[in-house]
Amino acid sequence: MKTKKIFLLGLMLVFISCNDKKVFSEYKTDFKSNQWQKSDVKSFDITIDDESKNHDLTIILSHVYDYQFDQVPVIISVKNPKGETEIINIDLILKDSAGKDKGDCLGDICDLKQTFKKNVNLIKGNYVISVAHDFNNSYLPNISSLGLEVTLSE
């Protein structure tokens with residue numbers, strides 16, 4: 001019985017220590033009919049309290065398994081506490097060269113995580129990070145959520 005308690009305590013400590021790196025995490029799930037409209041820019045408000053450490057910024061896109069597109073172009077706008085805005089154009093790579101989903105899939109939904117800024121120093125204050133897709137149609141189909149995570153760099 002004592003061994004089980006020690007094991008559970010150790011397991012809890014592992015989960016707690018894994019979360020020590022996460023500074024911010026938020027998901028937007030308001031996609032009607034699983035469609036991300038081109039005009040629907042998703043914004044995330046972030047507060048950085050400790051500028052002595054570097055950070056990683058990661059997008060999480062949840063989509064239907066075996067997505068019909070290999071990549072999705074997105075435009076990311078990062079407005080810093082000084083009011084300066086950086087525009088970043090990236091492609092979210094959904095499938096590898098063999099056509100296999102790159103995200104973590106469970107059932108019919110895959111969660112793709114893609115870091116777009118790594119080991120970057122963020123000054124103390126409030127940031128607004130906005131994400132829009134640059135897909136050729138008026139909407140991007142089969143999207144269930146879009147998230148943003150800010151973690152401490154290793």
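Trainee: Let's start with a charged pair: which residue forms a salt bridge with Asp-56?

Mentor: Happy to, and keep in mind that this is a predicted model. The partner's closest N atom is 3.7 Å from an O atom of Asp-56, inside the 4 Å allowed for a salt bridge. Asp-56 belongs to strand 4 and its partner to strand 8, so parts that are 62 residues apart in sequence are tied together. The partner of Asp-56 is Lys-118.

Trainee: And is Lys-118 buried or exposed?

Mentor: Let's take the two ends in turn. Asp-56 has 10% relative accessibility, so it counts as buried. Lys-118 has a relative accessible area of 62%, and the limit for that class is over 50%. Lys-118 is therefore exposed.

Trainee: Strand 8 has come up once; which residue forms a salt bridge with Lys-117?

Mentor: Here the closest N and O atoms are 3.3 Å apart. Lys-117 sits in strand 8 and its partner in strand 6, so this pair connects parts 31 residues apart in sequence. Lys-117 is buried at 18% relative accessibility, whereas the partner is partly exposed at 36%. That partner is Glu-86.

Trainee: What about Lys-42: which residue is its salt-bridge partner?

Mentor: The closest N and O atoms of this pair are 2.6 Å apart. Lys-42 is in strand 3, and its partner is twelve residues away, in the loop between strand 1 (22–28) and strand 2 (36–37). Lys-42 is buried at 3% relative accessibility, while the partner is exposed at 53%. The residue you want is Asp-30.

Trainee: How many salt bridges does the structure hold?

Mentor: Beyond the pairs we have discussed, there is a network of salt bridges that links Lys-22, Lys-113 and Glu-149. Side chains of opposite charge can pair when their charged atoms come close. For the whole structure, the number of salt bridges is eleven.

Trainee: Let's go inside: which residues touch the most other members of the largest nonpolar core?

Mentor: That core has 31 residues. Strands 3 (42–48), 4 (54–64), 5 (71–79), 6 (85–93), 8 (109–121), 9 (125–133) and 11 (143–152) each give two or more residues to it. In soluble globular proteins, nonpolar side chains tend to be buried together. The members with the most contacts to other members are Trp-36, Val-74, Ile-76 and Phe-116.

Trainee: Which residues is Trp-36 in contact with, leaving aside its neighbours within four places in sequence?

Mentor: Let's build the list in chain order. Trp-36 is in contact with Phe-31, Lys-42, Leu-61 and Val-74. The list then continues with Val-131, Ala-132, His-133, Ser-138, Tyr-139, Leu-140, Ile-143 and Leu-146.

Trainee: Strand 9 gives residues to the core, so how many of its nine residues are buried?

Mentor: Look at its partners before counting. Strand 9 runs antiparallel to strand 3, joined to it by seven bridges, and antiparallel to strand 5, joined by six bridges. Strand 9 is mostly covered, and the number of its residues that are buried is seven.

Trainee: Which residue of strand 9 is the bridge partner of Ile-76?

Mentor: There are two pairings of strand 9 to keep apart. Ser-43 has Ser-130 as its bridge partner in strand 9. For Ile-76, one of the core residues with the most contacts to other members, the partner in strand 9 is Val-131.

Trainee: Now the disulfide: what is the angle about the S-S bond of Cys-105 and Cys-110?

Mentor: The structure holds one disulfide, and the sulfur atoms of Cys-105 and Cys-110 are 2.0 Å apart. Cys-105 is partly exposed at 35% relative accessibility, whereas Cys-110 is buried at 0%. The link is right-handed, and the angle about its S-S bond is 105°.

Trainee: Finally, where is Asp-66, which has a positive phi?

Mentor: Most residues other than glycine have a negative phi. Asn-34 is not a glycine but has a positive phi of about 55°; Asn-34 is in the loop between strand 1 and strand 2 and is partly exposed at 35% relative accessibility. Asp-66, also not a glycine, has a positive phi of about 55°. Its place is the loop between strand 4 and strand 5.

Conventions:
Residues are numbered from 1 along each chain as its sequence is written. This is a predicted model: local features need pLDDT of at least 70, side-chain atom pairs count only at pLDDT 80 or more; totals for chains, interfaces and linings use all residues. Side-chain values use heavy atoms; hydrogens and water are left out. A nonpolar core is a set of buried Ala, Val, Leu, Ile, Met, Phe, Trp, Tyr and Cys residues joined through side-chain atoms within 4.5 Å. Buried means under 20% relative accessible area, exposed over 50%, partly exposed in between (1.4 Å probe, protein chains only). Helices (H or I, at least four residues) and strands (E, at least two) are DSSP runs, numbered from the N terminus. Contact means heavy atoms within 4.5 Å. Two strands pair if DSSP finds at least two bridges between them. A disulfide is a pair of cysteine sulfur atoms within 2.5 Å. A salt bridge is a side-chain nitrogen of Lys or Arg within 4 Å of a carboxyl oxygen of Asp or Glu.
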